[in-house]
Amino acid sequence: MDDIVRRIIDKSERLSIPCSRICIGVSIEQQKLWVFENGKPLASYPVSTSVKPPSCVLDSAGTPTGLHRVEQRIGDGEKPGVVFFSRVSTGRPFWDFDDDIQERNLITSRILWLRGLEEGVNSGEGVDTFQRYIYIHGTNHEDRIGRPASGGCVVLANVEMIRLYDQVPGGSLVLIE
């Protein structure tokens, strides 16, 4: 776990990006997310990343790797389980939707929209995390948490997503490996 903090600091220094007070590390292999404050562990959560292999390429449906920043925070004050379409709250929880909609991996509770910080890796033409709409968000399929199951995003259980959202300010660095 301390290794991931060191890698966040090393990458931010190599890219001449100041390290944020709050940082997130995501392990695709372990299906786990850690939150650090000033390099010290603050919290950890099980997650689900893409069912496809990790990839930064547009339309790959893979979870992008590398250093990112929380570019936008969406969902202040929404109830747990509320569904977002195109980053706009429906005001309705996922269990109010028809079964055919609930089959999809819905975006629920809160959204942390990520921007890649490594040009040519997760930022720029054909590999841009932000343009791919890659988020950390809640899900209507909490039973899948802990194993690859998403379409590229990093997903958490709804209550944990709200907790994470409350811990993480905009601009926080996120390393996905």
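Mentor: Welcome! Let's begin with a rule: two rings of Phe, Tyr or Trp (its six-membered ring) form a pair if their centres lie within 6.5 Å. Keep in mind that we are looking at a predicted model.

Trainee: Thanks! By this rule, how many aromatic pairs does the count come to?

Mentor: Ring centres within 6.5 Å are what the rule asks for. Applied here, the rule gives a count of five aromatic pairs.

Trainee: Which kind of pair do the rings of Trp113 and Phe130 make?

Mentor: Look at the angle between the planes, since under 30 degrees counts as stacked. The ring centres of Trp113 and Phe130 are 4.0 Å apart and the planes meet at 15 degrees, so this pair is stacked.

Trainee: How many residues apart are Trp113 and Phe130?

Mentor: The pair links distant parts of the chain. Trp113 belongs to strand E7 (residues 107–116), while Phe130 sits in the loop between E7 and strand E8 (135–138). Along the chain, Trp113 and Phe130 are 17 residues apart.

Trainee: Which kind of pair do Trp113 and Tyr135 form?

Mentor: Here the planes must be over 60 degrees apart to earn the other name. Trp113 and Tyr135 lie 5.8 Å centre to centre with 85 degrees between the planes, which makes the pair edge-to-face.

Trainee: Which strands does the pair of Trp113 and Tyr135 link?

Mentor: These residues are 22 apart and come from distant parts of the chain. Trp113 is in strand E7, and Tyr135 is in strand E8.

Trainee: Is Tyr135 buried or exposed?

Mentor: The cut-off for buried is under 20% relative accessible area. Trp113, at 7%, meets it. Tyr135 has 4% relative accessibility, so Tyr135 counts as buried.

Trainee: Which residues do ring pairs link into a cluster?

Mentor: We have already met Trp113 paired with Tyr135. Ring pairs tie these residues into a cluster with others, and its members are Trp113, Phe130, Tyr133 and Tyr135.

Trainee: Over the face of which residue does Arg73 lie?

Mentor: Arg73 is 3.9 Å from the ring centre in question. Arg110 lies over a ring face as well, at 5.5 Å from the centre of Tyr165. For Arg73, the ring also belongs to Tyr165.

Trainee: What is the bridge partner of Phe84 in E6?

Mentor: Strand E5 (residues 82–85) and strand E6 (residues 88–93) run antiparallel and are joined by three bridges. In their hairpin, two residues lie between the strands, and Ser86 takes a positive phi near 50 degrees. Across in E6, the partner of Phe84 is Ser89.

Trainee: Which residues is Pro148 in contact with, leaving aside its neighbours within four places in sequence?

Mentor: Pro148 is in the loop between E8 and strand E9 (154–156). Its relative accessible area of 41% makes Pro148 partly exposed. The C-alpha atoms of Pro148 and Gln30 are 9.8 Å apart, although 118 residues separate them along the chain. Setting those sequence neighbours aside, the contacts of Pro148 are Gln31, Thr49, Ser50 and Val51.

Trainee: Now the whole chain: what is its radius of gyration?

Mentor: The chain has three helices and 10 strands, and 51% of its 177 residues are buried. A compact globule with 177 residues would have a radius of gyration near 16 Å. The chain's value agrees with that, at 15 Å.

How values were computed
Residues are numbered from 1 along each chain as its sequence is written. This is a predicted model: local features need pLDDT of at least 70, side-chain atom pairs count only at pLDDT 80 or more; totals for chains, interfaces and linings use all residues. Side-chain values use heavy atoms; hydrogens and water are left out. Helices (H or I, at least four residues) and strands (E, at least two) are DSSP runs, numbered from the N terminus. Buried means under 20% relative accessible area, exposed over 50%, partly exposed in between (1.4 Å probe, protein chains only). A charge sits over a ring if NZ of Lys or CZ of Arg is within 6 Å of the ring centre and within 35 degrees of the ring normal. Two strands pair if DSSP finds at least two bridges between them. Contact means heavy atoms within 4.5 Å. The radius of gyration is taken over C-alpha atoms; the globule rule is 2.2 Å times the number of residues to the power 0.38.
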